[in-house]
Structures are given as structure tokens and as C-alpha cells.
Amino acid sequence: MRILITGSNGLLGQNLSRLAPAGAELMGIDLQEMVEAPGLSRFRRLDLGERKLLLACVEEFAPDWILNAAAFTNVNGAESARELCWRANVTAVENLALACRKLGSRLVHLSTDYIFDGDHGPYREEDLPNPIGYYGKSKLASENILRSSEIPYTVVRTMVLYGHARQVKPDFVSWLISSLRQGKPVRIVTDQFGNTTLAEELALGIWRIVERRATGFFHIAGTEIIDRYAFALKAAEVFNLEAGLITPITTAELHQEAPRPMRSGLVVEKALQELELELSDAAGGLRKLKQQLDAPT
Ligand SMILES: NC(=O)c1ccc[n+]([C@@H]2O[C@H](COP(=O)([O-])OP(=O)(O)OC[C@H]3O[C@@H](n4cnc5c(N)ncnc54)[C@H](OP(=O)(O)O)[C@@H]3O)[C@@H](O)[C@H]2O)c1
């Protein structure tokens with residue numbers, strides 16, 4: 001089985017290659033030089049927005065599957081860097097779908113709860129999208145490309161990813177742990193609700209999709225809907241850090257460039273039942289991460 005992982009340097013990309021099934025031949029694509037990743041036998045530094053280069057590269061590798069973990073993931077930055085965001089999140093998916101149609105490859109594409117407005121979450125796979133920021137709009141556009149494509153595809157929506165990976169942008173949990181370890185006070189919002197997701201569990205869910213050749217839409221995330229402040233307190237407890245450094249605030253006080261879905265969250269029942277995944281609650285995911293970080297490398 002030949003598998004192309006796009007965004008292989010990213011948090012999810014690294015977890016995908018680390019947890020790949022035995023015997024899979026893996027190639028990675030990313031914008032920057034390759035971050036050393038066990039499992040990848042080939043790597044190409046490439047912008048997925050470059051249609052010709054991408055098509056040539058995919059044709060040469062001829063993957064059975066493409067797992068698209070590449071994206072412009074800076075939610076606030078997307079409001080001003082719209083062209084860059086569209087190129088990575090939409091044009092790239094058009095190009096990947098084209099490559100899949102030419103070669104008969106199957107595509108697993110990652111999306112987000114940000115395609116919903118967050119008025120009445122948690123959301124099921126079939127609920128009506130209504131993104132309120134540019135990042136969410138670009139991700140919905142990417143989903144729509146696949147809906148109207150004639151290729152076998154799977155869209156996996158997830159949210160608040162955290163986990164272990166090398167040289168990646170800090171996720172919420174790694175930023176929090178590093179701040180608290182340095183004794184820095186942090187302000188965390190109490191009014192944003194949703195699931196939190198261990199990247200390793202998401203990666204295993206994607207490999208289960210590959211194993212079962214599952215198509216359609218799946219929500220894969222931790223099982224618990226929790227506000228961000230409560231999650232931060234759990235992280236402080238699990239990692240034995242000073243919870244007194246965490247101050248509760250509201251989203252309005254943060255003055256972020258992009259609006260956030262406030263009552264968000266993804267219902268993961270379908271993934272639990274149809275894919276038979278093991279997904280943790282908030283504290284369980286954090287404990288698994290601690291075990292990973294404590295394990296000798
Ligand atoms: N992180 C979350 O909380 C979260 C929540 C919901 C959904 N998701 C979705 O889950 C997926 C994986 O997220 P992640 O957190 O693993 O992302 P990540 O760590 O930011 O990794 C994405 C990778 O894709 C690369 N990339 C960006 N544009 C590219 C392009 N045009 N061509 C090739 N590579 C490109 C990035 O390179 P640079 O770093 O150099 O830009 C980065 O290495 C994404 O689809 C994201 O939208 C993430």
C-alpha cells in the first residue's frame with residue numbers, strides 16, 4: 001500500500017507517519033525541509049498549490065491513498081492572509097482531487113468544527129455548516145470541492161488538536177505546559193466550548209478509515225465537550241503544574257482578529273460506532289500525552 005501524507009511535518013502529519021500500519025510505503029510532502037519522521041521513505045518539499053508540480057509528483061509515486069493533513073491553520077492570520085489561506089486550504093484540495101481522479105487514488109481530507117457557527121453545538125456530521133471566519137470558510141470550500149468531485153473521499157472533521165511532535169508550532173496544551181513550567185501567568189477563556197483531541201487518537205482513527213476503506217464524513221475528536229478554562233485546569237492537574245497561574249477570562253477580552261464558534265463541539269458517536277475507535281475524554285487524552293512525553297525516546 002502506497003500512501004502520500006501531505007503536511008507530513010505538521011502535528012497530525014508526524015503522528016500519521018509514526019503510527020502507520022506495517023508494510024505501508026509512505027511519502028511525505030510539506031512546504032519546508034523534512035522534519036525527521038520515522039516511517040517516511042520519501043519526501044518532497046512542495047507547495048500543494050503548484051498544480052503541475054504536484055500532479056507530476058503524485059503520478060510518480062502513484063499512491064493508493066492521499067491523506068491530506070496540510071493546511072493553513074493560523075485562524076487569526078487567515079483573516080488578513082486570505083490568498084495564502086485559500087491556496088493551502090482550497091486550491092491544494094482542488095489539485096489533490098484532480099490527482100486522485102487521474103490516478104484512481106482515494107483521499108482522506110481533514111476539516112474542522114470551524115465550518116459551524118458555534119451557536120448550537122455540538123454538531124453531527126449532517127448538520128448545516130455556517131462558518132463565521134475566513135479559515136472556516138476556506139475549509140468549507142474544501143469540503144464542497146470533494147462533495148462535487150467524483151473521487152472516493154473521506155472528510156474527517158476534528159478540533160483543538162494537541163500532541164507530541166517535533167519542531168511544530170505550539171498547540172494549546174504545549175503552549176500552556178511551557179508557560180506554566182516557566183511560571184508565566186496565562187489567561188484562558190471560559191466561554192468557548194468544544195472537544196479537545198489527542199493527535200495520536202486522530203491519526204489512529206484515520207488509519208482505521210484506510211483499513212476499512214470508509215467514505216463520507218466523520219467527526220473524530222475527544223469524547224468530552226468542555227470549556228477551554230476547565231481543560232487548562234485539567235492539564236495543570238495532570239502535568240502537576242501551578243493552576244493558580246491560570247486566570248479565567250472571556251473571549252471578548254482577547255480581541256482576536258477572527259471570530260470563534262463559541263458553543264461548538266463535534267458529536268463523535270458515528271466514529272465510535274462505525275469505526276470502533278477508542279477516543280479519550282479530556283483528562284484521559286492529557287494522561288496519554290503525559291505518558292508519551294515521559295517515555296524514554
Ligand atoms: N490544529 C488544530 O487544532 C486543528 C483543529 C481542527 C482541524 N484541524 C485540521 O487538521 C489538519 C492538520 O492540522 P495540524 O494541526 O496538524 O496542522 P499543522 O501542524 O499546521 O501542519 C500543517 C502542515 O501543512 C503545511 N502546509 C501548509 N500549507 C501548505 C502547502 N500549500 N503545501 C504543502 N504543505 C503546506 C504546513 O507548513 P507550514 O507550517 O510551513 O505552513 C505544516 O507543516 C488541518 O487540515 C487542519 O485544518 C486542525
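## Why do we call it that?

Me: Which residue in β6 does L107 stand opposite?
Reply: Y153 is the one facing L107. By the way, this is a predicted model, where local features need pLDDT of at least 70, side-chain atom pairs count only at pLDDT 80 or more, and totals for chains, interfaces and linings use all residues. Residue numbers start from 1 along each chain as its sequence is written.

Me: What makes β5 and strand β6 (residues 153-158) a pair?
Reply: Two strands pair if DSSP finds at least two bridges between them. Here 6 bridges join β5 to β6, and the strands run parallel, so the definition is met. The strands themselves are DSSP runs (E, at least two residues), while helices are runs of H or I of at least four, all numbered from the N terminus.

Me: Does β4 pair with a strand too, and how many bridges are there between β4 and β5, or between strand β1 and β4?
Reply: β4 and β5 pair in the parallel sense over 4 bridges, with W65 having R106 as its bridge partner in β5. Strand β1 (residues 2-6) also runs parallel to β4 and is joined to it by 4 bridges. On that side, I5 stands opposite L67. In general, strands of a sheet pair through backbone hydrogen bonds, either parallel or antiparallel.

Me: Why do β3 and β11 stand at the edges?
Reply: The open sheet has 7 strands in the order β3-β2-β1-β4-β5-β6-β11, with parallel pairing. β3 (40-45) and β11 (216-219) each have a single partner strand, so one side of each has no neighbour in the sheet. From one strand to the next, the twist averages 20 degrees.

Me: What angle does α3 make with β5?
Reply: The direction of α3 makes about 160 degrees with that of β5, and α3 packs on the sheet by touching β4 (65-68) and β5. Angles run from 0 to 180 degrees between N-to-C directions, and the axes are lines fitted to C-alpha atoms, for helices over the stretch in contact. Helix α6 (residues 199-212) lies across β4, β5, β6 and β11, at about 165 degrees to β6.

Me: Why is L96 called buried?
Reply: A residue is buried if 20 or more other C-beta atoms lie within 10 Å of its own, exposed if 12 or fewer, and partly exposed in between, with C-beta atoms placed from the backbone. L96 has 29 of them, so buried it is. L96 belongs to helix α3.

Me: Why does A97 count as buried?
Reply: A97 has 23 C-beta neighbours inside 10 Å, so A97 counts as buried. A97 is also in helix α3.

Me: And why is G49 called partly exposed?
Reply: G49 has 19 other C-beta atoms within 10 Å, so partly exposed is the label. You'll find G49 in the loop between β3 and α2 (51-61).

Me: Leaving aside neighbours within four places in sequence, which residues is A97 in contact with?
Reply: Contact means that two C-beta atoms, placed from the backbone, lie within 7 Å. For A97, the list is L107, I145, L146, S149 and I151. With the same neighbours left out, L96 is in contact with L48, I66, N68 and L107. G49 touches R87, A88, T91 and A92, again not counting residues up to four places away.

Me: How do you know that both faces of β4 are covered?
Reply: W65 and L67 on one side are buried, and so are I66 and N68 on the other.

Me: What is in the largest nonpolar core?
Reply: A nonpolar core is a set of buried Ala, Val, Leu, Ile, Met, Phe, Trp, Tyr and Cys residues joined through C-beta atoms within 7 Å. The largest has 83 residues, and those touching the most other members are L12, L16, L67, L96, A199, I206 and A235. Helix α3 gives the largest share, 9 residues. In soluble globular proteins, nonpolar side chains tend to be buried together.
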